[in-house]
Structure formats: structure tokens, C-alpha cells
Amino acid sequence: MKSEMAMSIRSMTEADLPVCLSFTQQVKWPHRSIDWQLHFELGHGSVIEANLDSDNAQSAPQIVGCILWWDYPALNNATGKASTTSDLGCATVGLVVVPDAMQGRGLGRTLMNTVMEQTGERNLQLVATVAGKRLYEQCGFTTRSTIYQVQGELTTQPDVSDEFEITDIDASSLSTVLELDNQAFQANRSALLQALVARGKCVIASQNGQPQGYAFIRESGRGETIGPVVASDADVAKALAAALLQQANGFVRFDLTEHASDLKSWLTDLGLQQVDEVSLMVKGEWLAEQAADYQVYSLASQAFG
């Protein structure tokens with residue numbers, strides 16, 4: 001039986017990030033300091049502290065678990081009062097880590113209970129590893145889709161289609177990107193996208209003067225991440241990915257949705273490999289399921305959605 005420890009939960013601070021980074025390194029997630037900084041700056045984090053020295057009640061508590069969530073407000077809730085679950089907006093949950101030595105003490109459930117209390121009635125979304133799936137099911141989440149982690153270095157350079165005009169975004173086209181994302185994600189992710197603009201590059205695809213989709217690339221993990229990718233169809237998604245892959249420098253990663261089956265096959269033909277398959281889980285309503293004209297083909301990250 002594991003010994004009882006005095007534990008408390010508090011808000012995450014920037015000073016906690018090195019410890020949180022060490023947790024993700026222990027479970028062999030590829031996050032770097034820059035990734036943790038970005039997720040922390042945009043999110044709401046909590047950590048559990050415990051006194052690990054049972055013989056010394058005065059010893060400094062140590063962090064034994066962490067979690068973050070990101071708030072994406074509703075698009076049409078001008079009154080401030082929710083009339084439907086869509087009016088509640090949504091939040092994504094991620095970077096839920098408890099070190100191996102502290103497993104089996106209910107810390108994961110404590111972290112999830114904290115987030116569920118903080119997020120209130122919002123619709124919740126997360127990407128679950130096999131190890132975490134049972135916990136999330138116990139918290140009321142259900143599996144709604146699958147995410148495919150595809151990554152590596154290209155062995156073949158992609159051809160860029162001339163069917164679409166691919167341009168870098170500027171101040172005037174950022175609003176178009178935000179609107180496309182609103183339609184695909186069905187919640188307001190403007191704070192996330194504006195932060196990604198500052199840290200990476202975004203291109204937009206147009207046809208006959210009409211926007212068809214956008215995609216981001218940024219330094220992240222083992223190299224670069226391409227996502228989010230939002231497009232009106234698979235051909236647009238491929239054109240956007242091709243334009244960014246031609247600029248990629250070595251290792252690149254996608255977290256593809258089920259809409260991206262054609263894109264996944266195309267990427268593996270270029271030399272990338274599918275290395276993982278994880279569950280997208282939802283508590284409440286899955287807002288992106290309501291999208292019609294534009295779909296999310298690749299996530300910003302498994303945590304961000």
C-alpha cells in the first residue's frame with residue numbers, strides 16, 4: 001500500500017515549467033522548452049504538490065503532477081447566457097502528466113476534477129493516449145474520432161499544385177484565417193492563431209479570389225509542426241501542406257484528423273511515417289462535428305486541438 005502524503009493543488013507558474021518539461025521527457029513526449037512556454041502562456045495550468053519526505057514535515061513540497069486547459073469561447077454567444085451547448089464554447093485539455101513513481105495515487109483524477117471544476121459547463125475535448133483513456137472515460141469523456149501522428153523526414157519533395165494561389169498571410173488576410181478557423185472549429189481560437197502567427201509562418205490558399213484554407217508551420221518538438229491545417233477539401237489541404245513542406249527543414253510532424261485520410265496516404269508516399277494513433281475524446285458536444293464548408297485536417301497540437 002502506498003503511504004499517505006500531504007498534497008495540495010495550485011495554479012501553475014512559469015517557474016514550474018522546467019519540472020513540467022522533465023515530466024514530459026520522462027514519458028518520452030517530444031516537447032521542448034519553447035513548446036511548454038507557448039502552451040503555458042495561452043492556457044490555464046495547475047500542479048499538484050506533495051511533501052515526499054514523510055520524516056520531515058518542514059521539507060519543501062515537490063510537484064508531482066500537472067495539467068493545462070485552453071479556452072475557446074463560443075462564436076455567437078453575445079448575451080453571455082448559454083441557450084445551447086454550442087453557446088458554452090469549448091476547452092481542450094492536455095499535458096496531463098503524473099510521473100511513474102507517483103502513479104496509482106489518484107493524482108490524475110484529482111487533476112481532471114480540478115479542470116472540470118474550472119471549466120464549468122464548457123464542452124471539453126482532449127486527445128488520449130492508451131494509458132490515459134480509462135481515466136478520461138471515468139471522467140465522462142467518450143471517444144469521437146481518431147488522430148494520426150505522422151512524422152519524419154521527406155524522401156521525396158512534393159509537387160506544388162498550380163490549381164490554387166498559395167500566399168503568405170499579412171495583416172489584411174489574418175481576419176480571413178480567423179474566419180475560416182471559426183467555421184472549421186466552431187469556436188473562437190483567435191488568441192491561439194495570433195500566437196502562432198508570431199512564432200511561425202502561415203499560408204492561405206485561394207481559388208478564383210475565394211479563400212479555400214490555411215496552414216501553419218512552426219518550430220516544435222523534434223523539428224517543425226505543420227498545423228493547424230484547415231481546408232475546404234483534401235486537394236486544398238494537400239496544396240497547403242506541399243507549400244509548407246517545400247520550406248520545411250528536416251523533421252516535420254502532422255497530427256491528422258479522420259478527414260485527412262487522403263493526405264495521410266500522400267504524406268507516407270513522400271517518406272513520412274505514421275507512428276501513433278490516439279483517441280479524440282469529448283465531454284459534452286463536439287463542436288467541430290458541426291462544421292460544413294471547412295474542416296480541420298491537422299491539429300495545432302494534440303493539446304491545443
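Select T225 first: this residue is buried, with a relative accessible area of 6%. Buried means under 20% relative accessible area, exposed over 50%, and partly exposed in between (1.4 Å probe, protein chains only). T225 lies in strand β10, residues 223-231. Strands are DSSP runs of E with at least two residues, helices runs of H or I with at least four, numbered from the N terminus. Now add S220: its side chain joins that of T225 in a polar contact of 3.4 Å. Such a contact is a pair of N or O atoms within 3.5 Å; within protein, one must be able to donate a hydrogen and the other to accept it, and residues adjacent in sequence count only if both atoms are side-chain atoms.

This is a predicted model: local features need pLDDT of at least 70, side-chain atom pairs count only at pLDDT 80 or more, and totals for chains, interfaces and linings use all residues. Residues are numbered from 1 along each chain as its sequence is written, and side-chain values use heavy atoms, leaving out hydrogens and water.

Next, select V93 in strand β4 (residues 90-97). V93 is buried, at 2% relative accessibility. Show Q302 too: the two are 209 residues apart in sequence and 9.1 Å apart in space, C-alpha to C-alpha.

Now the salt bridges, where a side-chain nitrogen of Lys or Arg is within 4 Å of a carboxyl oxygen of Asp or Glu. The count is 9. Pick D71 and R122, which meet at 2.9 Å, N to O. D71 lies in strand β3 (62-72) and R122 in the loop between α3 (107-119) and β5 (123-128), so the pair ties together parts 51 residues apart in sequence. Finish with R253 and D255, a salt bridge of 3.1 Å, N to O. Both residues are buried.
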